[in-house]
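Please open the structure in your viewer and keep the sequence panel beside it. This tour moves from one selection to the next, and at each stop it tells you what is there.

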Amino acid sequence: GINAEYGGAAINGYEKSETHRFEVPRMLFENVQELEAYVIKSKDKKLLGWWAHYLESNGEMDSALQFYQAAEDIMSFERIWCYCGRFDEAISIASNTSDRAACYHLARQLENQERFTEAVQFYGKAQAYTNATRICRANQLDSELISYAMYSTEDDMVICARYYEETGANWDKAIMLYHKSGQVGKALELAFEHQQFTALQHITSNLDDSVEPETLHTCAQFFLEHQQYSKAVDLLLLAKKYLEALDICIDKQWYQRRVREIMKNIITFYTKGRALESLSGFYDACAQVEIDEYQNYEKALGALSEALKCMNKAKMQDVSTQEAKINFLKRRIALLKKFVQARRTYEEDVEEAMKQCLLLLEEPDLDTGVRSGDIYGFMIEHYASTADFQKAYHLVTELKQRLPNASLAYYVNNTVLEQIKRSVGLDEPALGPAATPGIEEEIEEDIPEDFGF
C-alpha cells in the first residue's frame, strides 16, 4: 500500500492543482476500498459519477444506482432502471425531473415496450414533439395529439392538421394547427366550410390589416350571419369597409363610442386619399343619421356644412353635376337653419317659433332637409305642454294626413299622445309603453292603427 503520510500529502497536492479527479483514482486504484472511501468523502459529482460508471461496468447495478443518484446523474440513473426492466421506478424518477435527456431515453424504451401513451408523455417532457406526434398519429391518440402538435415545428403542425382533416373529425383542431403554422387561408377555408364558429373567432382575433381585404370581408359576413355584430364591425374596419361598419352600428343602435371611432377612421381614410366627393357623401350620410336616429338638427347642420366644404373643393369631371350637388346641399342647409333657428327662438318667443314652424311646413321641398314629422312633433308637444289640446289634436290630424303611413310615436312621445287622446274624449284602448324612436316595427305594434287621429 501507499504510505499514509506520503499518500495524504500527494492527494493534498493533487487537489490544490485540481488534477485529483484523474491522479487520485490512478494512485489508489489498487486499493478499491480506500478509493471508494475517498470518492464518498470528496462529494465531488464528477468523481461520484466516474465511480458509479466503474461499478456499472463490473455489474454492480444497485451500488452504481446509489452513486449515480449521489452524482445527480439522472440520465444514467434512468438508463440503468430501463436496462434492468424496472420501468415503474424509471417513470417515477423521470416524472419529477426536468432532465430532457433522461426523459427522452425513457420515452424511447417505453416506445420499444409498446407503452405508447407513456412514451408520448415523456417525449413531450423531453420536448421531442415530433416523436410525440408521430406516435399519437400512429396509435390514434387524437386527444393527446393536439397538445404536442401545438408546440412542434410548423411542418409537423401541417402534417398533424392534415391528419385531423383526413379523419373527418376534430375540425377545430385542424383549423387551429393550420392557423398556428401560418396557413391562415387554409384555416379560414375549413372554418367556413364546417361552420366552426369558435375556431373562426380565435383566428379572427389575431388578424390584422396585412390579411387580404376580401378575406376580412368574408369573415365579417360570416359573423353578421351569426349575429356577432361587434366582431363583424371590427373586421370591416380592418378591411377599410367603413361605411358598411357604420351601417351596422346604426342598425344596432350603437350610437356612441363605436360610431365616433368609425367616423374618425372614415374621415382619415378619405382625407388621405383626397377623395373629397366621397368624403362629402359621407358627411351627408352622417347628417341623415343625426336626423333619423337622434333628431339632432344642430349636429346634422354641422355635418352638412362639412359636406358642402368638401364638395366645393372636389374636382369632379362633370362640372354641372358638381354644381347641382352644391346647390342641393345649400338648399338643405338653408332648410335646416330655419328649423334650428325656430327651436332656438322658442326659448325666448314661443309664438314666433310656432309661426316659423308653420311657414317652414309650407316649403315645397321641406323633406329633403327637414322631416315634416319632426316639425309637427315639436309643435304638438308644445301645445300639449300648455294644455292647448285642441290645437295639438288638430296638428296630429294634419300629421296623419301628411304622412299617412307614418307611426305617430315616431315623432311624438306616447305619453303626450295619451294626454291628447284623453283630453279630446277618445276612448280607444290605452297606448302601450313609449316606443323607441327609430324602430318603426316595434312602434307599430304599440300604436293601434285605428287610434282615431
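Which residues are linked with Arg-331 in a network of salt bridges? Select Lys-338, Glu-363 and Asp-365 together with Arg-331, and you have the members of that network on screen. Please keep in mind throughout that you are looking at a predicted model.

**Inside the network**

Stay with two of these residues, Glu-363 and Arg-331, whose side chains meet in a salt bridge with an N to O distance of 2.7 Å. The pair links distant parts of the chain, since Glu-363 sits in the loop between α23 and α24 (372-385) while Arg-331 belongs to helix α22, 32 residues apart. If you switch on a surface, you can compare the two partners: Glu-363 counts as buried at 18% relative accessibility, because the limit for buried is under 20%, whereas Arg-331, at 26%, counts as partly exposed.

**Along helix α22 to a second bridge**

Next, select Lys-325 and Glu-277, which form a salt bridge whose closest N and O atoms are 3.2 Å apart. Lys-325 lies in helix α22 (residues 319-345) and Glu-277 in helix α20 (residues 276-294), so this pair ties together parts that are 48 residues apart in sequence. Lys-325 is partly exposed, with a relative accessibility of 33%, and Glu-277 is likewise partly exposed, with a relative accessible area of 36%.

**A bridge within one helix**

Now move to helix α26 (residues 414-423), where Glu-418 and Arg-422 are 4 residues apart and therefore separated by about one helical turn. Their side chains meet in a salt bridge, with 3.9 Å from N to O. Is each partner buried or exposed? Glu-418 counts as buried at 12% relative accessibility, while Arg-422 is exposed, with a relative accessible area of 55%. The structure as a whole holds 16 salt bridges, and you may like to look for others before going on.

**A patch of negative charge**

For the next stop, select Glu-347, Glu-348, Asp-349, Glu-351 and Glu-352, which gather on the surface in a patch of negative charge. One of them, Glu-352, has its place in helix α23 (residues 350-361), and this residue is partly exposed, with a relative accessible area of 31%.

**Aromatic rings**

How many aromatic pairs does a search of the whole structure find? The search finds 12 aromatic pairs. Among them is the pair of Phe-282 and Tyr-283, whose ring centres are 6.1 Å apart and whose planes stand at 50°, so the pair is described as tilted. Both side chains can be checked against the surface: Phe-282 is buried, with a relative accessible area of 1%, and Tyr-283 also counts as buried, at 14% relative accessibility. Then select Phe-192, Phe-197, Phe-222 and Phe-223, which form one aromatic cluster.

**Last stop: a loop**

Finally, select Ser-205, which you will find in the loop between α15 (197-204) and α16 (213-225). Ser-205 is partly exposed, with a relative accessible area of 45%. Add Asp-234 to the selection and draw a distance between the C-alpha atoms of the two residues: although Ser-205 and Asp-234 are 29 residues apart along the chain, these atoms are separated by 9.4 Å.

Definitions and conventions:
Residues are numbered from 1 along each chain as its sequence is written. This is a predicted model: local features need pLDDT of at least 70, side-chain atom pairs count only at pLDDT 80 or more; totals for chains, interfaces and linings use all residues. Side-chain values use heavy atoms; hydrogens and water are left out. Patches are made of residues with over 30% relative accessible area and no salt bridge: like charges are joined within 9 Å, nonpolar side chains (Val, Leu, Ile, Met, Phe, Trp, Tyr) within 5 Å. Accessible areas come from the Shrake-Rupley method with a 1.4 Å probe; for residues, only the protein chains shown count as cover. A salt bridge is a side-chain nitrogen of Lys or Arg within 4 Å of a carboxyl oxygen of Asp or Glu. Lys and Arg count as positive and Asp and Glu as negative; His and the chain ends are not counted. The place of a charge is taken as NZ of Lys, CZ of Arg, CG of Asp or CD of Glu. Helices (H or I, at least four residues) and strands (E, at least two) are DSSP runs, numbered from the N terminus. Buried means under 20% relative accessible area, exposed over 50%, partly exposed in between (1.4 Å probe, protein chains only). Rings of Phe, Tyr and Trp (its six-membered ring) pair if their centres lie within 6.5 Å; planes under 30 degrees apart count as stacked, over 60 as edge-to-face and the rest as tilted.
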